[in-house]
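Work through the exercises below with the sequence and the model open. Try each task before reading its solution.

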Amino acid sequence: MTELQAEQAAVMPRIESQSQRSRYRDVLIALAAFAVLAILPMLTGSKALLDFVIRCSAFGLFATSLNLLVGFTGLVSFGHGMFFGLGAYGFGLIMQRSGLPVPVAFVATLVITTLIATVIGAICVRLKEIYFAFVTLAFQMLIHSTILSWVSLTGGDQGLRGGIPRPAFFGVDLSNHVHLYITSCALLVIGLLLMRQIAQSPFGYTLRMIRDNAIRASFIGIDVWRAKLTIFVLAALFASTGGIIMALFVSGAYPEFAYWTISGEGIFINMLGGVTTFLGPMVGTVLLLILNDTVTRLTEYYGIVLGIVILFFAIGLRKGLMDFVVEWYARRRNGSGE
Amino acid sequence: MTRTRKPGVSRRTTLAMMGAGAVTFATPWVARAQAKTIKVGMPTILSGRVAQLGTSSRNGVMLEIEKVNAAGGLAGRQIEMVIRDSKGQPQEAARVARELVNTDGCEILIDAEASSGAFAVHEVARDLGVLCLHTNSETSALTADPKQHIPNAFRTARQGVHDSIVGGSYAAAIAKAKGLKRWATCSPDYAYGRDTTGEYVTYLKRFAPDTEIISESWPKLFQPDYTEVVTKILQAKPQALYSCLWGGDLTSYIDQANIYALFSQMEVFAVNMADYTALTVVKNLPKGIHSGNRYIKTYPATPENAAWGDAYKAKYNEYPTNWSWENATAIMLLAEASKKANSADGKKIAEALRGLKIKSPFGADGTVTMRAEDQTLVGYAIGWGTTIPQEPYVPQVQAGDWKTIFELEAEWKKSKGYT
């Protein structure tokens, strides 16, 4: 045993116990967050607040999964919205046509998403930077066009009509507003927890390495293509879950869910919240939705206000809100330590 | 000498506290005054390419709301409109509609959304059970399909299938008279364009069986350049052309086709031509384009309709659109139903709306009816005529026959499996 190996052997258990501890901490935080969200309906009678949290769950899962690609792997996908749309349409169609129980339809939708994401990902992740961005965008437009033109299946540009049936399962009745709310919160918290585990796992660190220097990563024996494809498919699954929540919320699916503007919104949420911290996109989601709801309430010139906010973040802060807060906090702590 | 602040409450704080106190005590009064008003929510599209849909709908609504409020409101309650932009996104339309009901306390919804948004709002109405009047979606399935039917949703707009029946029979009559056998179509490539064209052709062939379609063009929605479409049609040498392009697409199509003198080479049937948004924008409006009426103040040729169009023009400095009359009709029906039910309660109004016939400037015979069986508007003025380049643009409109419409509509419903 060389000196280096001996040193590593000593260090390993310590790191392992540390990661074990941080995992417990994450689970505790998740449980606490879920508990707070779950008692919310008892504290307030505001249905709008519950609606807000349901939409946050849908977009939060979508944006955080996009950040797994953008922030952690350096894959700037412009077509992530296709999986959001795929989730909404897949779930809506299965429920409308087959009458399967909700959990089965949920799993089936994820299986379909996995298959499609694997095929699309296998083609896209070979490409770099702008080429990757544009080929994902092209696939998104392909899926969007398919939804538009396959009228007999998808209803074309009118969307899935007639509502999504939702038979009760295990005592959960998703046509009940509070049940839908709790289910969305549970999906959000579980989704975030799983994504956190992915980000903190050795695989997550491999992704960061690929982002920083893919050539070096491949030299030390990492199959870069496989790692990128894996995270592409995983991110698609979480985006798809977001789409399912959205389909349940509006009780339908519309071509806009698979349009590039949804991907753009995801990118914007990430810019707003910041890509270097795990919860950045979640913060961005809450910010964007609050912004959206208050601005549309006050004025019809939503675009101008949003544009100014984008400029403020892009030129003024030059980073997302969470990045800014984390840096500010670190600076303050260092400052007071001296 | 230094002056320090006296302990205790300063004058400024006292004033502030008095102000706060006054507000606190006054709030219940304000709230009580508000409870007397009835809020009506209206999600619509106020930004983006089809913002005109929202603004002209809003104008139509507000014009009527003023009259209703001046006459005492809904069963003594003044109407307060809460109008929000959905940006043309269905999920936003659903969100805004829910918020209007759940947070803003709206008791009635006017759904002034384009088709996909209308279906999203329809689901919200199904979920919340709130009275909802669809004012812009002309997609037949919204009310014709029994799966869509809910007791609290009504449509106060035209219906695609009505337009196709009238258009088809009008075109067939001219085709027979002028011997037009070879037809071409040119319509926007989305559900409205494809469905409307398909239904139109069905009825054209039904009334004039020896016509055939020799060329079809499907330009993209909002396509800027129509050169290839125009040349394709010219090469096919049809005797007649049908199009359901609308708004800006129709006007740029006509401007570009004018260069090739397309309109002198064939009879053109453009269902959406006779709307001021198209008529007033085209640079050289060709003479003799056949068009269905959308909204023009000269058809129906009644003083009531002319007065309504002029009042709108005087208030908003532009002519009403097809959407304006559809939305105005919603408010007229609402007011009348509330009077009949003597209540502002959504359920009672819905009960009174079923089968309600009201006087209307937009009626074929001076009245329109909310048909009870599928809760959609019938009896509105519907007809076709030919254009001239200046006002009144479409001088003679040939009225569609509602008896025929009802017969063929029933047949169509059966063929779709709706009845």
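## Exercise 1: a strand and its two faces

From strand β3 (residues 108–111) of chain B, I108(B) and I110(B) point one way and L109(B) and D111(B) the other way, and all are buried. Buried means under 20% relative accessible area, exposed over 50% and partly exposed in between, with a 1.4 Å probe and protein chains only. Strands (E, at least two residues) and helices (H or I, at least four) are DSSP runs, numbered from the N terminus.

The model is predicted: local features need pLDDT of at least 70 and side-chain atom pairs count only at pLDDT 80 or more, while totals for chains, interfaces and linings use all residues. Residues are numbered from 1 along each chain as its sequence is written, chains are lettered from A and ligands numbered from 1 in the order in which they are written, and side-chain values use heavy atoms, with hydrogens and water left out.

**Task.** Find the strands of chain B that are joined to β3(B) by bridges, and state the sense in which they run.

**Solution.**
1. Strands pair if DSSP finds at least two bridges between them.
2. Strand β1 (residues 38–44) of chain B runs parallel to β3(B), with 2 bridges. Within this pair, V40(B) has I108(B) as its bridge partner.
3. Strand β4 (residues 131–134) of chain B is also parallel to β3(B), joined by 4 bridges. Here I110(B) stands opposite L133(B).

## Exercise 2: an enclosed strand

**Task.** Explain why strand β11 (residues 290–295) of chain B is described as largely enclosed, and find its pairing partners.

**Solution.**
1. Count the buried residues: 6 of the 6 in β11(B) are buried, so the strand is largely enclosed by the rest of the structure.
2. Strand β10 (residues 274–275) of chain B pairs with β11(B) in the parallel sense over 2 bridges. D275(B) is opposite Y295(B).
3. Strand β15 (residues 383–386) of chain B runs antiparallel to β11(B), and 3 bridges join them. In this pair, G292(B) is opposite W384(B).

## Exercise 3: a loop serine

**Task.** Is S343(B) buried or exposed? Which residues are in contact with it beyond its neighbours within four places in sequence?

**Solution.**
1. Locate S343(B) in the loop between α12 (322–341) and α13 (346–353) of chain B.
2. S343(B) has 11% relative accessibility, so it counts as buried.
3. The S343(B) side chain reaches the backbone nitrogen of D345(B) at 2.8 Å.
4. Contact means heavy atoms within 4.5 Å. Leaving aside neighbours within four places in sequence, S343(B) is in contact with A75(B), S338(B), K348(B) and I349(B).

## Exercise 4: a helix alanine in chain A

**Task.** Place A227(A) in its helix and list its contacts beyond four places in sequence.

**Solution.**
1. A227(A) belongs to helix α10 (residues 224–250) of chain A.
2. Its relative accessibility is 7%, so A227(A) counts as buried.
3. Outside its neighbours within four places in sequence, A227(A) is in contact with F203(A), L207(A) and I210(A).
4. From A227(A) to M195(A) is 32 residues in sequence and 15 Å in space, C-alpha to C-alpha.

## Exercise 5: chain B as a whole

**Task.** How many helices and strands does chain B have, and what percentage of its residues count as buried?

**Solution.**
1. Chain B has 14 helices and 16 strands.
2. Of its 419 residues, 58% count as buried.
3. The C-alpha atoms of chain B fill a box of roughly 100 × 55 × 40 Å along the principal axes.

Notes
Polar contact = N/O pair within 3.5 Å; in protein donor to acceptor, adjacent residues only side chain to side chain.
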